[in-house]
Amino acid sequence: DVHKDVVAVTVRVPGPNGEVVRHQAEFATFTDDLCGLRDWLVAFGVTRVGMEATWVYWKPVYYVLEEELECWVLNARHMHNVPGRKTDMADSDWICRLVRFGLVRPSFVPPKPIRELRSLTRYRRSRIEERTRETQRLDKVLQDAGVKLSSVASDIRGRSGRDMLDALVAGTRDPEVLAELAQGRLRAKIPALQAALKGRFGPNHAVVIGEILAHIDYIDESIGRLQAGIDELISPFADARDRLCTIPGVDTILAEAIIAEIGVDMSAFPTASHLASWAGMCPGQHESAGKSKKGTARHGDSWLQRNLAVAAMAAARTKGTYLAAQYGRLASRRGKRRARKAVGHSILIGCWHILADNTSWNELGSDYFDRRQDPQRLARRKLNDLRSLGWTVTDNLDGTTTITPAA
């Protein structure tokens, strides 16, 4: 039973007469004490360790013990103890009993290379999200100053927008001078830029925007350093990353993040359905008295879910793909949120097959759902849709059909 400063340990080993002998002890969570815990367990001949912990307190214990023992990280929801007197030692003894009789299952813990990659990809995403928040703060200050740059330029952090913002911070206020800093296709909008850059930009706005721009520059440098570390760690899995990039909506950054969450060895998940259930990307199941009730999906891996949501929205904007057709069919009937999760589920199923079968994405096409239907039934439905819109559909004697537009 792992806590921040102490670990309560119970060992059950066979006695000389066949009985079970119980040994209990407490250890601190400093590295030297954890090494002593490992030696203490090895001395008893322990081969399997089950541990329960909140937050990240299990990690230092796991990393020390995994070198010589088989470690199971257990879900606290699977280990409700019987009511009564509760102590850390009692909890550790209960965990020991459950592991001994095989009444719990271990959580998925990826191998060390994947864990190292995961720490970098998660922090990179946090940095990217922080940069997005700073960009929103930047536009908020500009709106306060009456500068409508975001109404004309699609990216206020682009080359032209950055030059204009630097000039504003430096003291330039003339809209015509600022608009002349536009580059590329934005020069066609110089009259609109002149109107957008005319505002009430004061010294207080310059101070705040200067700090925001400096923070954005620091975040960009931080993301660059993180990306360099990720490139080094992802090199052994470069082939798997490139194959994941064949999925519509999945780019290099998302492929790296997906590998960091699920790894490349799919033996931990017997089927694609097991992976989807572990990730919390499939509906829950609740059946009682022979009736199926509404079940909520499990929490799953929130980092993986967020990456799959981004991939799903990107796939929904692609042309001529199965995922875009799936999103369109579901969004109209069940809403965008459900459609996004369903497409994310399909992407995750595809990831399992790509990694397990060493293959690439097999595009089914945007007409996949139409091809599954009976052609005659589909034709009748389309004709009925035309009739409902006021078109005239006439069946000719020669077997052809004439369609006349509505008046």
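Axes here are lines fitted to C-alpha atoms, for helices over the stretch in contact, with angles running from 0 to 180 degrees between N-to-C directions. The model is predicted, so that local features need pLDDT of at least 70 and side-chain atom pairs count only at pLDDT 80 or more, while totals for chains, interfaces and linings use all residues. Residues are numbered from 1 along each chain as its sequence is written, and side-chain values use heavy atoms, with hydrogens and water left out.

**View 1. Packing of α12 against α14.** The axes of α12 and α14, helices being DSSP runs of H or I with at least four residues, numbered from the N terminus, come within 8 Å and cross at roughly 100 degrees. This makes α12 roughly perpendicular to α14, a word that covers 65 to 115 degrees. Among the residues in contact (heavy atoms within 4.5 Å) are Leu308 and Met313 of α12 and Val343 and Ile347 of α14.

**View 2. Tilted pair of Phe27 and Trp40.** Rings of Phe, Tyr and Trp (its six-membered ring) pair if their centres lie within 6.5 Å, and planes under 30 degrees apart count as stacked, over 60 as edge-to-face and the rest as tilted. A search of the whole structure finds eleven aromatic pairs; in one of them, the ring centres of Phe27 and Trp40 are 5.5 Å apart with planes at 55 degrees, so this pair is tilted.

**View 3. Edge-to-face pair of Tyr322 and Tyr368.** The centres of these two rings, Tyr322 and Tyr368, are 5.3 Å apart, with 85 degrees between the planes. Tyr322 lies in helix α13 and Tyr368 in helix α15, 46 residues apart.

Note on methods
Helix = DSSP H or I, 4+ residues; strand = E, 2+ residues; numbered from the N terminus. Parallel < 35°, antiparallel > 145°, perpendicular 65-115°, else oblique.
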